[in-house]
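Student: I should be grateful for a close look at a single part of this model, the sheet. Please describe how its strands are arranged and paired.

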Amino acid sequence: MNAALYRKYIREALALASPYPVPDKALQDNVATLAGGPFDLSAYRRGMEWNLAKDYIRSRTNEDTDQVEWKLTALGEAKENL
Amino acid sequence: MARSDARLKTLPEEIQAEMWRLRIAPVDDEGNPAQPADGAAWSQERVRQWLEDVHSVSTSSGAFSEWERWYGVASRLRGAKDYADDIKSLLKSRDPKMEVEQLDAYGDLAFRKRALDLDDAELFAEMRKIGQRDRHLDQQKEKLSQNDRRIILNEKKAARYDAVKDAAESTDDLTPEERLEKIREGLKI
């Protein structure tokens with residue numbers, strides 16, 4: 001699948017959950033559902049890196065669960081609302 | 001007739017909810033809810049035909065499949081958000097003084113409960129951690145307020161000391177009795 005679509009699905013999943021943060025695994029599962037077909041982990045990771053580099057998404061470690069969680073940044077929200 | 005590439009995600013929510021219902025729940029030939037024994041969910045092709053006949057929206061099989069995947073994720077996450085919002089409102093109404101951070105922590109947990117389908121053991125383990133953190137915060141607040149009280153007491157003591165010192169070191173032309181009276185005033189005895 002086109003890696004650009006993974007970038008979009010990542011932001012789309014986070015926008016649907018906003019303002020709540022999405023745990024790492026849930027994000028991956030939702031992106032896999034949105035993408036359909038066989039999941040391309042490498043394209044997903046590149047999509048995450050691309051969104052991070054653009055400052056569209058950010059992570060934090062939840063101190064109660066030690067899980068990494070993701071949210072859209074203000075810039076990412078703006079990009080999704082375009 | 002709408003364009004064939006009409007974006008299904010932008011259709012009114014009532015239409016999307018109806019499309020979803022027809023695809024996942026048992027319905028009769030008219031699309032009315034039915035018992036599982038008396039009906040079945042419609043095929044994608046039939047729902048697309050219904051969409052075209054009833055709402056004049058034509059769409060391809062690929063676009064419809066993409067919408068189905070999106071709508072499934074969207075409704076699950078919306079359900080999780082609504083659940084978390086309800087929990088936060090309930091907690092806020094029961095304890096209006098609850099800190100925003102605490103409310104957010106419980107809201108995030110409720111969201112994860114629904115979005116990740118946490119089992120009860122995981123849920124209670126996480127609630128316990130949040131509860132422990134709340135108690136720790138309360139203890140820290142109590143410690144700070146004790147420190148504040150101590151500071152106020154010390155400031156009062158220092159003010160008294162200054163008053164006594166001023167009286168004792170005063171260069172005013174006071175008799176020993178007057179000076180003693182001033183010191184007593186400073187000590188409030």
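Tutor: In this predicted model, chain A contains an open sheet of 3 strands, arranged in the order β1-β3-β2 with antiparallel pairing. The edge strands are β1 (22-23) and β2 (57-61) of chain A, since each of these pairs on one side only. Strands of a sheet pair through backbone hydrogen bonds, and the pairing may be parallel or antiparallel.

Consider the pairing of β1(A) first. Strand β1(A) runs antiparallel to strand β3 (residues 68-72) of chain A, and 2 bridges join them. Within this pairing, Val22(A) lies opposite Trp70(A) of β3(A), while Pro23(A) lies opposite Glu69(A) of β3(A).

We may now turn to the other edge strand. Here β2(A) pairs with β3(A), again in the antiparallel sense, over 5 bridges. Glu69(A) of β3(A) appears in this pairing too, for Arg60(A) stands opposite Glu69(A). Glu69(A) thus faces Pro23(A) in the pairing with β1(A) and Arg60(A) in the pairing with β2(A).

The connection between β2(A) and β3(A) also deserves attention. These two strands form a hairpin with 6 residues between the strands. In this hairpin, Asp66(A) takes a positive phi near 60°.

To review the arrangement, one may read across the sheet in the order β1-β3-β2. On one side of β3(A) there are 2 bridges to β1(A), and the pairing of β3(A) with β2(A) has 5 bridges.

How values were computed:
Residues are numbered from 1 along each chain as its sequence is written. Chains are lettered from A and ligands numbered from 1 in the order in which they are written. This is a predicted model: local features need pLDDT of at least 70, side-chain atom pairs count only at pLDDT 80 or more; totals for chains, interfaces and linings use all residues. Side-chain values use heavy atoms; hydrogens and water are left out. Two strands pair if DSSP finds at least two bridges between them. Helices (H or I, at least four residues) and strands (E, at least two) are DSSP runs, numbered from the N terminus.
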